[in-house]
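Let's take a walk through this structure together, strand by strand. Have the sequence and the 3D view at hand as you read.

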Amino acid sequence: GVNKKWGYIDKSGNFVIKPQFDRADDFSEELARVEIDDKYGYIDKNGKFVIQPQFDSAASFSEGLALVKVGDKDGYIDKSGNFVIKSQFYDAHNFSEELALVKVGDKYGYIDKSGDFVIRPQFYDAASFSEGLAWVKVGDKDGYIDKSGDFVIQPQFYDAHNFSEGLASVRIGNKWGYIENPLEPSESKEKLQSPEDLKQSPSL
């Protein structure tokens with residue numbers, strides 16, 4: 001930022017939107033999240049506010065909706081700034097592959113863009129969907145569910161990460177290895193680095 005203010009430049013280094021924001025994010029879906037005086041709003045590429053600064057916290061737009069916080073509750077707005085899903089969650093995440101991870105009480109579940117639960121809150125910890133699967137924690141073990149909430153890979157790992165490019169890193173004991181996404185078998189089996197005690201995950 002210039003004098004601790006943020007703005008936007010073009011590829012020649014010229015300011016297109018002059019420094020005026022306390023914080024400014026990358027553009028996502030034609031809008032950028034910016035902060036002024038501890039409130040968040042969204043500007044277009046001309047620097048004009050499309051959604052006035054009014055939120056206590058906010059995320060960039062994802063799949064047409066943005067996660068915003070009012071007080072201590074999270075909800076989702078559309079690009080007009082209207083609430084599509086009212087602020088009601090204490091912890092929520094961006095929409096990914098049409099579903100959003102939200103917490104109700106002490107459990108995580110997944111809602112659709114109407115705010116209806118597609119997968120009821122039941123997991124102690126969980127992640128957003130990636131490549132058709134999401135890791136979730138049951139007890140002290142991580143496994144992977146599909147968008148119906150069914151386990152495709154049973155809880156068996158002490159730690160797990162999202163699938164990316166067909167592979168996910170998982171931990172058994174103190175060793176990490178990679179498993180394939182059974183929904184999208186890759187052609188890189190010979191490249192998988194498996195610790196000796198890493199059991200193959202069940203495939204469909």
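A good place to start in this predicted model is the pairing of β20 and β21, which run antiparallel to each other over 6 bridges. One of the places to look is S169, whose bridge partner in β21 is Y178. Strands of a sheet pair through backbone hydrogen bonds, either parallel or antiparallel.

Now widen the view to the sheet that holds this pair. It is an open sheet of 3 strands, ordered β19-β20-β21 and paired in the antiparallel sense. The edge positions go to β19 (159-160) and β21 (175-180); each has a single partner strand, so one side of each is left without a neighbour in the sheet.

Next, the packing of side chains. The largest nonpolar core has 13 residues, and those touching the most other members are Y144, I153, F157, F163, V170 and I179. Two elements, β18 (151-157) and β20 (167-172), give two or more residues to this core.

Let's finish at D142, which you will find in strand β17 (residues 141-145). Is D142 buried or exposed? Its relative accessibility is 0%, so D142 counts as buried, a label that applies under 20%. The side chain of D142 has polar partners there: it makes a polar contact with the side chain of K137 at 2.9 Å, and it reaches the backbone nitrogen of A160 at 3.2 Å. Leaving aside residues up to four places away in sequence, D142 touches W135, V136, K137, Q154, P155, Q156, F157, Y158, D159 and A160.

Notes. Residues are numbered from 1 along each chain as its sequence is written. This is a predicted model: local features need pLDDT of at least 70, side-chain atom pairs count only at pLDDT 80 or more; totals for chains, interfaces and linings use all residues. Side-chain values use heavy atoms; hydrogens and water are left out. A nonpolar core is a set of buried Ala, Val, Leu, Ile, Met, Phe, Trp, Tyr and Cys residues joined through side-chain atoms within 4.5 Å. Buried means under 20% relative accessible area, exposed over 50%, partly exposed in between (1.4 Å probe, protein chains only). Helices (H or I, at least four residues) and strands (E, at least two) are DSSP runs, numbered from the N terminus. A polar contact is a pair of N or O atoms within 3.5 Å; within protein, one must be able to donate a hydrogen and the other to accept it, and residues adjacent in sequence count only if both atoms are side-chain atoms. Contact means heavy atoms within 4.5 Å. Two strands pair if DSSP finds at least two bridges between them.
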